[in-house]
Amino acid sequence: MKKKWISALLTVTMVLCLAGCGQQGETGESKESDLKVDTSENTGDNKVNEDFSKNVNVNRASDFAKNEVELPIEGIGRGVSTSVKGDEKYKIVVMTRNSTNPYMVGMWAGGEQAGKDMELEVQTLAPATQDSIEEQVTIMESLIEQNVDGFVIHPSDSKGIQPVVDLANEKGIPVVAIGTAPETGAFMRTGVDYYETGYLVTKELCEVAGKKGKAIVLEGPAGVQNMEERKAGILAAIKEYPDIEVIASQTANCKRAEGMQVMENLLQGEKTADGLTVVASCNDEMAIGAIQALKAQNIEGVYVGGADASKDAASAVKDGDLYVTYNTDPYGSTYLAVAYLTKYLNDKTLPEEYFIPFPSERNNPLITSENVDEYMEKFKWYD
């Protein structure tokens with residue numbers, strides 16, 4: 001049944017279909033910012049304020065949040081479930097930065113399943129112009145006027161989304177952030193601890209490479225919060241191995257084609273391939289592009305890692321091309337976000353901490369040849 005609050009949005013933006021997913025990764029283009037990543041680990045005191053405007057974003061989750069917080073869901077990936085039900089048929093909006101890349105499609109699917117399981121109205125939206133922060137703001141403004149009950153957002157820019165998050169708070173509408181969070185005002189943040197993803201994947205690569213050699217880092221777009229956090233984790237891990245030298249750290253904008261092109265260009269450098277043992281990528285798409293370039297030049301003995309555990313990445317791990325990836329589970333992350341929103345809308349229950357990551361250490365997120373078959377059979381987030 002077509003609902004008024006949904007159809008009214010058609011005057012604001014064209015909602016793109018899920019078919020024809022592009023070769024983008026977890027982020028797209030974004031504006032440059034003065035982002036500074038705090039790599040110190042939180043100590044567990046990032047509690048949620050009842051006045052959400054007082055919540056200040058943090059980019060590291062505490063050990064307590066990663067391993068001990070009792071979550072309102074069970075399982076992971078497409079096997080996730082919950083006993084949480086809405087006391088009313090709340091209207092929840094899941095807004096991603098685009099509707100083409102695998103991660104965003106996974107968010108949509110997780111939100112839609114959450115709506116069915118929790119007996120809510122969940123609408124999934126993205127700007128018609130991919131990654132447009134201006135259109136994301138316009139979408140949220142329109143929905144706030146329609147008095148929706150809550151948002152789950154993956155904004156293109158943390159500063160650009162801030163004014164409309166402030167507006168939502170003024171109207172008493174909670175906002176959960178995944179990936180990139182506003183500087184202040186989110187009800188909570190979930191999704192993975194991006195620093196942790198980069199750190200753990202890169203540690204795995206450095207160990208299997210024998211703790212020596214040369215490394216190349218493939219970065220996401222400059223200034224994008226979650227990609228800066230992941231890069232910081234990658235570099236922190238490599239720093240622990242004095243016999244591994246970073247010979248290049250360059251953006252490929254989270255795209256497969258650019259990952260291939262950047263790696264091709266780097267390999268043209270004199271002796272670049274000599275002693276190259278590690279390629280640490282900020283997402284799977286760039287990692288797969290790098291593998292294609294290495295294969296084209298018959299270069300072996302290089303261990304490549306990414307993050308997301310997408311369908312193509314899982315296949316690449318199974319085939320022995322991608323050594324390791326990290327299950328970021330956008331399906332389960334969005335499902336979890338909707339569950340926390342529902343609990344709050346039911347009886348004002350607040351999360352135990354502001355940043356509760358999912359998946360985290362307790363979910364065994366590293367995917368290698370040792371567990372990829374089990375992951376693909378039981379825990380995958382993609383269709």
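The exercises below, each with a worked solution, concern helices and strands in a predicted model.

**Exercise 1.** Determine how the length of helix α9 compares with the expected span, and which of its residues are buried.

*Solution.* Begin with the extent of the helix: α9 covers residues 284–296, which is 13 residues, and from its first C-alpha to its last it reaches 18 Å, close to the 18 Å expected at 1.5 Å a residue. Next, consider accessibility, where buried means under 20% relative accessible area. By this criterion ten of the 13 residues of α9 are buried, and the helix is mostly covered. The buried residues are D284, E285, M286, A287, I288, G289, A290, I291, A293 and L294. Then ask what covers them: the covering elements include β6 (213–219), α8 (256–267), β8 (276–281), β9 (303–305), α10 (311–318) and β10 (325–326). Finally, inspect the backbone just after α9, where N298 takes a positive phi of about 55 degrees.

**Exercise 2.** Classify the packing of α8 against α9, and of α10 against α12, from their interaxial angles.

*Solution.* Take α8 and α9, whose axes are 7 Å apart and meet at an angle of about 45 degrees. Angles under 35 degrees count as roughly parallel and those from 65 to 115 as roughly perpendicular, so α8 is oblique to α9. The crossing of these two helices is right-handed. On the α8 side, the contact is made by R256, G259, M260, M263, E264 and L267, while α9 contributes E285, M286, I288, G289, A290, Q292, A293 and L294.

Turn now to α10 and helix α12 (residues 372–379), which pack at an angle of about 150 degrees with their axes 9 Å apart. Since angles over 145 degrees count as roughly antiparallel, α10 is roughly antiparallel to α12. This crossing, between α10 and α12, is left-handed. The contact is made by A314, S315, V317 and K318 of α10 together with V372, D373, Y375 and M376 of α12.

**Exercise 3.** Work out the strand order of the five-stranded open sheet, and identify the helix that lies across β1, β3, β4 and β5.

*Solution.* Start with the topology: the strands of the open sheet follow the order β2-β1-β3-β4-β5, and their pairing is parallel. The edge strands are β2 (121–125) and β5 (188–190), each of which pairs on one side only. From one strand to the next, the twist averages 20 degrees. As a check on one pair, strand β1 (residues 91–95) runs parallel to β2 and is joined to it by five bridges, with K91 standing opposite E121 in β2. The helix sought is α11 (residues 330–347), which lies across β1, β3 (150–153), β4 (175–178) and β5 and runs at about 160 degrees to β3.

Methods:
Residues are numbered from 1 along each chain as its sequence is written. This is a predicted model: local features need pLDDT of at least 70, side-chain atom pairs count only at pLDDT 80 or more; totals for chains, interfaces and linings use all residues. Side-chain values use heavy atoms; hydrogens and water are left out. Helices (H or I, at least four residues) and strands (E, at least two) are DSSP runs, numbered from the N terminus. The expected span of a helix is 1.5 Å times one less than its number of residues. Buried means under 20% relative accessible area, exposed over 50%, partly exposed in between (1.4 Å probe, protein chains only). Contact means heavy atoms within 4.5 Å. Two strands pair if DSSP finds at least two bridges between them. Axes are lines fitted to C-alpha atoms, for helices over the stretch in contact, and angles run from 0 to 180 degrees between N-to-C directions. A crossing is left-handed if the near helix is turned anticlockwise from the far one by less than a right angle, and right-handed if clockwise.
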